[in-house]
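Trainee: I've got a model open on my screen and I'd like to learn how to read it. Can we go through it together?

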Amino acid sequence: MRLQNNMAAAGTKSVVFVCLGNICRSPIAEAVFRKMATDAGVVDKWKIDSAATSTYEIGNPPDHRGQACMKRHGVSMRHVARQVRPLLHVALASAPFLCSVVAVGHRQWRHI
């Protein structure tokens, strides 16, 4: 995935990464995407977020293993897990890019 300046030239775009607990895969995807957008000089053209399909981890920080991996790669990760349900109407209205990070997350969209 490579972000180009022309991708966001038309205006602000939104992306939401979704997984089961929002402490591993989706916050990592959010952090990596944010770094790529920053490095490409287009971060101000993007609204970047992540959320969970479950309530298991709401309020928790990212898993320590993900944090360690991001730190090793110089990727900043400041995040607290939250569920997509409260975000859903906003996410669907404003985020043309909804990315399910795992198959379970994709299947769980049917229940939201």
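Mentor: Sure. Let's begin with accessibility: buried means under 20% relative accessible area, exposed means over 50%, and partly exposed lies in between. Keep in mind that this is a predicted model.

Trainee: So why does C69 count as partly exposed?

Mentor: Because its relative accessibility is 24%, and partly exposed is the class between 20% and 50%. C19 counts as buried, because its value is 1%.

Trainee: How many disulfides does the structure hold?

Mentor: A disulfide needs two cysteine sulfur atoms within 2.5 Å. The structure has zero of them. Take C19: the nearest cysteine sulfur belongs to C24 and sits 6.8 Å away, so C19 is in no disulfide by that cut-off.

Trainee: Which residues make up the largest nonpolar core?

Mentor: Look for buried nonpolar residues joined through their side chains. Here there are eight: V15, F17, A29, F33, A37, V42, W46 and I48. Strands β1 (13-19) and β2 (46-52), along with helix α1, each give two or more residues to this core. The largest share, three residues, is from α1.

Trainee: And where is confidence highest, and where is it lowest?

Mentor: Helix α1 (residues 25-39) comes out highest, with a mean pLDDT of 95, while helix α4 (residues 103-108) is lowest at 53. For the protein, the mean is 79, with 68% of residues at 70 or more. Residues 1-9 fall below 50, though this stretch has 19 contacts in the model beyond near neighbours in sequence.

Trainee: What should I do with the low-scoring parts?

Mentor: Where pLDDT is low, don't read the predicted coordinates in detail.

Notes
Residues are numbered from 1 along each chain as its sequence is written. This is a predicted model: local features need pLDDT of at least 70, side-chain atom pairs count only at pLDDT 80 or more; totals for chains, interfaces and linings use all residues. Side-chain values use heavy atoms; hydrogens and water are left out. Buried means under 20% relative accessible area, exposed over 50%, partly exposed in between (1.4 Å probe, protein chains only). pLDDT is the predictor's confidence in each residue, from 0 to 100. Helices (H or I, at least four residues) and strands (E, at least two) are DSSP runs, numbered from the N terminus. Contact means heavy atoms within 4.5 Å. A nonpolar core is a set of buried Ala, Val, Leu, Ile, Met, Phe, Trp, Tyr and Cys residues joined through side-chain atoms within 4.5 Å.
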